[in-house]
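Please examine the model shown below together with its sequence. The explanation after it moves through strands, helices, side-chain contacts and surface.

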Amino acid sequence: MKTIVGLFNTSREAEDAINDLIRSGFKREDISMMASSEEEGKGGKKGGDGGGTAKGAAKGAGTGAAVGGVAGLLVGLTGLTIPGLGPIIAAGPLAATLSGIGAGAVAGGVVGGLTKMGVPKEHAEHYAEGVRRGGTLVTVHTSDDEAERAADIMNRHGAVDIDRRTEQWKAGGWARFDEKAAPFTAEERARERAVLPVVEEEVKVGKREVSKGGVRVYSRVVEAPVEEKVTLREEHATVERRPTDRPATAAEKEAFKETSFEIRETAEEPVVSKEARVKEEVVVGKEATERTETIRETARRTEVDVEEEDFQSHFRSSAAGKGESYESYRSAYRYADTLSQDPRYRGKEWSEIEGDVRRDWESRNPGTWSKYKDAIRYGWDRMHRPVGAGRR
């Protein structure tokens with residue numbers, strides 16, 4: 001029999017891992033959980049009274065396990081106060097070991113409890129420090145044949161690479177687990193994790209009306225000289241005397257009486273009249289035309305790259321023993337990175353997109369889904385956790 005131990009950055013990761021373990025056939029009574037209680041003083045009494053303080057522990061569990069979910073999954077939920085960790089909540093065989101089944105806290109605190117379960121002392125100190133810093137510890141006691149499968153499930157849900165995490169602590173001055181040290185506060189736990197938001201600019205192309213100038217039409221009166229030729233007729237009276245000598249006719253004899261004769265003189269003069277006539281029309285208006293313009297812009301976004309060691313570590317724990325090379329799995333891990341950037345899948349759980357992802361993968365790599373699906377799922381889960389959460 002072996003004890004598989006996994007440290008998780010968040011209670012959600014731990015709860016998902018426990019759910020997956022149970023669904024995969026591992027017994028509830030073989031699974032343990034331990035997490036620090038956020039509110040000091042509510043975690044229960046030192047040592048253990050076998051669950052009498054579990055209710056108080058549940059109220060104080062903020063950054064530890066999601067008690068509402070885990071309490072229904074595991075047996076023996078209890079609250080304890082452990083040297084070096086302060087108030088904690090625990091469930092399963094580990095809770096019984098730590099509480100000493102009513103006989104007081106196990107000798108050596110949490111390190112002694114993990115050692116008693118078969119964890120090497122050096123590793124037990126590392127896991128204890130992880131809980132002190134706000135992590136959630138999950139253990140599974142199982143057979144040699146099932147140990148690799150249990151480890152794979154934990155890795156898939158974000159189990160921390162404890163060796164790499166310990167190196168980071170040592171780089172910051174940590175030397176070993178100190179039972180006299182105080183548990184991390186909420187602020188200290190928050191500083192342990194860095195969250196890098198993935199920000200993407202969205203380009204929206206609209207339109208607005210702008211003034212492009214125009215035409216203004218004025219009407220004014222102008223005078224232009226006009227010259228026309230006209231023929232005018234005049235009538236003038238003329239008097240002509242012609243000498244003659246002939247006998248007068250009877251009619252002419254009538255001239256011996258007084259008479260008169262008038263001839264009027266006439267003349268034509270120019271008369272000017274004006275008539276307004278429309279010679280041209282100026283129509284003022286506007287017409288609308290449309291054109292299609294291609295807008296070219298750049299949109300920025302941030303990308304968070306997962307370290308290659310992270311994928312290599314998962315490969316070693318899940319596929320290296322099957323005679324495969326890491327290079328053959330690289331494309332599957334990187335494919336998960338493209339999924340995380342696809343707006344169709346943004347904000348969705350794996351269960352919602354798995355069918356679409358499978359069809360897309362099979363269209364490119366027929367008949368290989370069953371071989372690479374765990375690597376793709378692992379890469380997806382990694383890209384959807386804050387930086388520092390289970391990074392290797």
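The following paragraphs describe a predicted model, beginning with its strand pairing.

Strand E4, which spans residues 86–91, is a suitable place to start. This strand is mostly covered, with 6 of its 6 residues buried. Strand E2 (residues 31–36) runs antiparallel to E4 and is joined to it by 4 bridges; within this pairing, Met 34 has Ala 90 as its bridge partner. Strand E3 (residues 78–82) is likewise antiparallel to E4, and 5 bridges join the two. Here Ile 82 stands opposite Gly 86. E3 and E4 form a hairpin with 3 residues between the strands, and in that hairpin Gly 84 adopts a positive phi near 90°.

Helix H8 comes next. Among the residues of this helix (162–171), Ile 162, Arg 165, Thr 166 and Trp 169 are buried. Viewed down the axis of H8, the buried residues fall within an arc of 100°, so they line one face of the helix. Glu 167 and Ala 171, which are exposed, sit on the face turned away from that buried side. Just after H8, Gly 173 has a positive phi of about 105°.

The loop that follows H8 leads to the charged contacts. In the whole structure, 16 salt bridges are found. One of them pairs the side chains of Arg 176 and Glu 125, with an N to O distance of 3.7 Å. Arg 176 belongs to the loop between H8 and H9, whereas Glu 125 belongs to helix H6 (residues 121–132), so this contact ties together parts that are 51 residues apart in sequence. Glu 125 has a relative accessible area of 12% and is therefore buried, the limit being under 20%.

A second salt bridge stays inside H6. Glu 129 and Arg 132 are paired, their closest N and O atoms lying 2.8 Å apart. Both residues lie in helix H6 and are 3 residues apart, about one turn of the helix. Glu 129 counts as buried because its relative accessibility is 1%, and Arg 132 is buried with a relative accessible area of 9%. Asp 20, Asp 152, Arg 156 and Asp 374 are joined into one network by salt bridges that share partners. Elsewhere, the side chains of Glu 293 and Arg 291 meet in a salt bridge at 3.2 Å, N to O; both of these residues are exposed.

Aromatic contacts form another theme. A pair of rings is described by the distance between the centres and the angle between the planes. There are 6 aromatic pairs in this model. In one of them, the ring centres of Trp 350 and Trp 380 are 6.3 Å apart and the planes are at 50°, so the pair is tilted. Trp 350 lies in helix H13 (residues 350–364) and Trp 380 in helix H14 (residues 369–383), so the pair ties together parts that are 30 residues apart in sequence. Trp 350 is buried at 7% relative accessible area, and Trp 380 is buried at 2%. Ring pairs also link Phe 315, Tyr 329, Tyr 335, Trp 361 and Tyr 372 into a cluster.

Finally, the surface deserves attention. Val 215, Val 217, Val 282 and Val 284 make a nonpolar surface patch of about 410 Å². Val 215 is located in the loop between helix H9 (186–192) and strand E6 (234–235). Because its relative accessibility is 75%, Val 215 counts as exposed.

Key. Residues are numbered from 1 along each chain as its sequence is written. This is a predicted model: local features need pLDDT of at least 70, side-chain atom pairs count only at pLDDT 80 or more; totals for chains, interfaces and linings use all residues. Side-chain values use heavy atoms; hydrogens and water are left out. Patches are made of residues with over 30% relative accessible area and no salt bridge: like charges are joined within 9 Å, nonpolar side chains (Val, Leu, Ile, Met, Phe, Trp, Tyr) within 5 Å. Accessible areas come from the Shrake-Rupley method with a 1.4 Å probe; for residues, only the protein chains shown count as cover. A salt bridge is a side-chain nitrogen of Lys or Arg within 4 Å of a carboxyl oxygen of Asp or Glu. Buried means under 20% relative accessible area, exposed over 50%, partly exposed in between (1.4 Å probe, protein chains only). The arc is that of the directions from the helix axis to the C-beta atoms. Two strands pair if DSSP finds at least two bridges between them. Rings of Phe, Tyr and Trp (its six-membered ring) pair if their centres lie within 6.5 Å; planes under 30 degrees apart count as stacked, over 60 as edge-to-face and the rest as tilted.
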